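Student: I would like a close look at a single part here, with the rest of the picture built around it. Please explain each term as you go.

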Amino acid sequence: MSEQTYIERRDGGYWVAGTRVSLDSLVVAFLSGQTAESIARSFDTLSLEQVYGAITFYLANRQDIDAYLAQSRKEFDRQYQAARAADPELYKRIEEARLRRTA
């Protein structure tokens, strides 16, 4: 039996090997209660084996991946706040449009 690598580290993130699908997106789906089968249906470029492999990698490295995800979230929040501060008028218009859409 050969060992299959399901996850690779590149560009500062974790990715399903040979794809443009981030481990982040699979972990978020998994933690929200989706099954491997439903995740595979959502990502038609992935096989069920790849999804199970990614979930297994996450579970085997949960502490490290959770820390990575928390750091990624902090960086996203920092960039989002910087963008809002750089162009508050744009974000005001976006919020007004969102409110009109949901009203």
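Tutor: I will set the scene with the chain as a whole, then look closely at one helix, and then follow the links to other places.

This is a predicted model, in which local features need pLDDT of at least 70 and side-chain atom pairs count only at pLDDT 80 or more, while totals for chains, interfaces and linings use all residues. Residues are numbered from 1 along each chain as its sequence is written, and side-chain values use heavy atoms, with hydrogens and water left out.

The protein chain has five helices and two strands. Both words refer to DSSP runs, numbered from the N terminus: a helix is a run of H or I with at least four residues, and a strand is a run of E with at least two. Reading along the sequence gives the order β-β-α-α-α-α-α. The protein chain is more spread out than a compact globule, because its radius of gyration is 17 Å, well over the 13 Å that the globule rule gives for 103 residues. That radius is taken over C-alpha atoms, and the rule is 2.2 Å times the number of residues to the power 0.38. Along the principal axes, the C-alpha atoms fill a box of roughly 60 × 30 × 20 Å. Of the 103 residues, 27% count as buried. Here buried means under 20% relative accessible area, exposed means over 50%, and partly exposed lies in between, with a 1.4 Å probe and protein chains only.

Now for our chosen part, helix α4, which covers residues 62-86. D66 and R62 both lie in this helix, four residues apart, about one turn of the helix. Their side chains meet in a salt bridge, at 3.8 Å from N to O. The term means a side-chain nitrogen of Lys or Arg within 4 Å of a carboxyl oxygen of Asp or Glu. D66 counts as partly exposed because its relative accessibility is 32%, and R62 counts as partly exposed at 38%.

Further along helix α4, D77 and R73 are also four residues apart, about one turn of the helix. The side chains of D77 and R73 form a salt bridge too, at 3.5 Å from N to O. D77 is partly exposed, with 32% relative accessibility, whereas R73 reaches 51% and so counts as exposed.

Q71 is another residue of helix α4. With 47% relative accessibility, Q71 counts as partly exposed. Q71 and S47 are 24 residues apart in sequence and 28 Å apart in space, C-alpha to C-alpha.

The two bridges in helix α4 belong to a wider set, for the count in this model comes to five salt bridges. One of the others joins R98 and E95, at 2.4 Å from N to O. R98 and E95 are separated by about one helical turn because they are three residues apart in helix α5, residues 88-102. R98 is partly exposed at 43%, and so is E95, with 33%.

One contact leads from helix α4 towards the start of the chain. I65 is among the residues that F57 touches, along with I7, Y14 and L23, not counting residues up to four places away in sequence. A contact means heavy atoms within 4.5 Å. F57 sits in helix α3, residues 48-60, and is partly exposed, with a relative accessible area of 26%. F57 and Y91, by comparison, are 34 residues apart in sequence and 38 Å apart in space, C-alpha to C-alpha.

I7 and L23 turn up again around W15, a residue of strand β2. Leaving aside its neighbours within four places in sequence, W15 is in contact with Y6, I7, E8, R10, R20, V21, S22 and L23. W15 still counts as partly exposed, with a relative accessible area of 22%. The C-alpha atoms of W15 and L26, eleven residues apart in sequence, are 9.7 Å apart.

Finally, D11 is found in the loop between β1 (7-10) and β2 (13-16). D11 has a positive phi of about 55° although it is not a glycine. Most residues other than glycine have a negative phi. With 74% relative accessibility, D11 counts as exposed.
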